[in-house]
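Subject: Structure handover

Hi,

Here is the structure for you to pick up. My notes follow below it.

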Amino acid sequence: MTTTIDFPALDAAIDAESWQWLQEAAPGYADAVAAEVRRGHKPGDIRQRFMRLTQRPALALRLEQAARHLQREAAQ
C-alpha cells in the first residue's frame, strides 16, 4: 500500500510558476496548452503527447504543470 501525502499549496505554486514561465518563455506553447485544456484534454495527456512528439521531458513537465494550473483556475 502506498501512502500519498498531499501538498496542495506547494503544488498550486509550482503549477502557477510553470504557467507564468510558459507565457514568458514560450507563448506559442502557452496558447496551445490553453486551447487543449479548453478542449478538455487532461494535463497528463498533454505531457504525453508532447513527449511522444519532441522527447523534451523538462518542457513536457512544464506543459503539464501549466495545464493543471489552468484547470485549477477554471474550477474556481
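Start with α4: the elements covering its buried residues include α1, α2 and α3. Bear in mind that this is a predicted model.

**Helix α4**

α4 has 19 residues. Its first and last C-alpha atoms are 27 Å apart, close to the 27 Å expected at 1.5 Å a residue. The buried residues in α4 are Leu-59, Ala-60, Leu-63, Glu-64, Gln-65, Ala-66, Ala-67, His-69 and Leu-70.

Three residues of α4 are worth a look one by one.

- Gln-65 sits in α4. Its relative accessible area is 11%, so Gln-65 is buried, the cut-off being under 20%. Outside its neighbours within four places in sequence, Gln-65 contacts Ile-14, Asp-15 and Ser-18.
- Glu-64 is also in α4. Glu-64 has 12% relative accessibility and therefore counts as buried. Residues up to four places away in sequence aside, Glu-64 touches Pro-43, Gly-44 and Arg-47.
- Arg-62 belongs to α4 too. At 23% relative accessibility, Arg-62 counts as partly exposed, because that class runs between 20% and 50%. With neighbours within four places in sequence left out, Arg-62 is in contact with Glu-17, Ser-18 and Trp-21. Arg-62 and Ala-30 are 32 residues apart along the chain, and their C-alpha atoms are separated by 9.9 Å.

**α1 against α4**

How do the two helices cross? Two packed helices are described by the angle between their axes and the distance between the axes. Here the axes of α1 and α4 come within 7 Å and cross at roughly 110°. An angle of 65 to 115 degrees counts as roughly perpendicular, so α1 and α4 are roughly perpendicular to each other. The crossing of α1 past α4 is left-handed.

Which residues of α1 and α4 meet? From α1 come Asp-11, Ala-12, Ile-14, Asp-15, Ala-16, Glu-17, Ser-18, Trp-19, Trp-21 and Leu-22. From α4 come Leu-59, Arg-62, Leu-63, Gln-65, Ala-66, Arg-68, His-69, Leu-70 and Arg-72. By class, this contact of α1 with α4 has 10 nonpolar, three polar and six charged residues. Among the participants, Gln-65 and Arg-62 each contact Ser-18.

**Helix α2**

α2 covers residues 27-38, which is 12 residues. At 1.5 Å a residue, α2 should span 16 Å. Its end C-alpha atoms are 16 Å apart, so the two agree. Ala-30, Val-33, Ala-34, Ala-35 and Val-37 are buried in α2. The cover over these buried residues includes α1 (8-25), α3 (43-54) and α4 (57-75).

**Two backbone points**

Which residues take a positive phi? Gly-40, just after α2, has a positive phi of about 95°. Gln-55 has a positive phi of about 55°, although Gln-55 is not a glycine. Most residues other than glycine have a negative phi. Gln-55 lies in the loop between α3 and α4. Its relative accessibility is 56%, so Gln-55 counts as exposed, the cut-off being over 50%.

**To recap**

α1 and α4 cross at roughly 110°. Gln-65 and Glu-64 are buried in α4. Gln-55 carries a positive phi of about 55°.

Best wishes

Note on methods. Residues are numbered from 1 along each chain as its sequence is written. This is a predicted model: local features need pLDDT of at least 70, side-chain atom pairs count only at pLDDT 80 or more; totals for chains, interfaces and linings use all residues. Side-chain values use heavy atoms; hydrogens and water are left out. Helices (H or I, at least four residues) and strands (E, at least two) are DSSP runs, numbered from the N terminus. The expected span of a helix is 1.5 Å times one less than its number of residues. Buried means under 20% relative accessible area, exposed over 50%, partly exposed in between (1.4 Å probe, protein chains only). Contact means heavy atoms within 4.5 Å. Axes are lines fitted to C-alpha atoms, for helices over the stretch in contact, and angles run from 0 to 180 degrees between N-to-C directions. Angles under 35 degrees count as roughly parallel, over 145 as roughly antiparallel, 65 to 115 as roughly perpendicular and the rest as oblique. A crossing is left-handed if the near helix is turned anticlockwise from the far one by less than a right angle, and right-handed if clockwise. Ala, Val, Leu, Ile, Met, Phe, Trp, Tyr, Cys and Pro count as nonpolar, Asp, Glu, Lys and Arg as charged, and the others, Gly among them, as polar.
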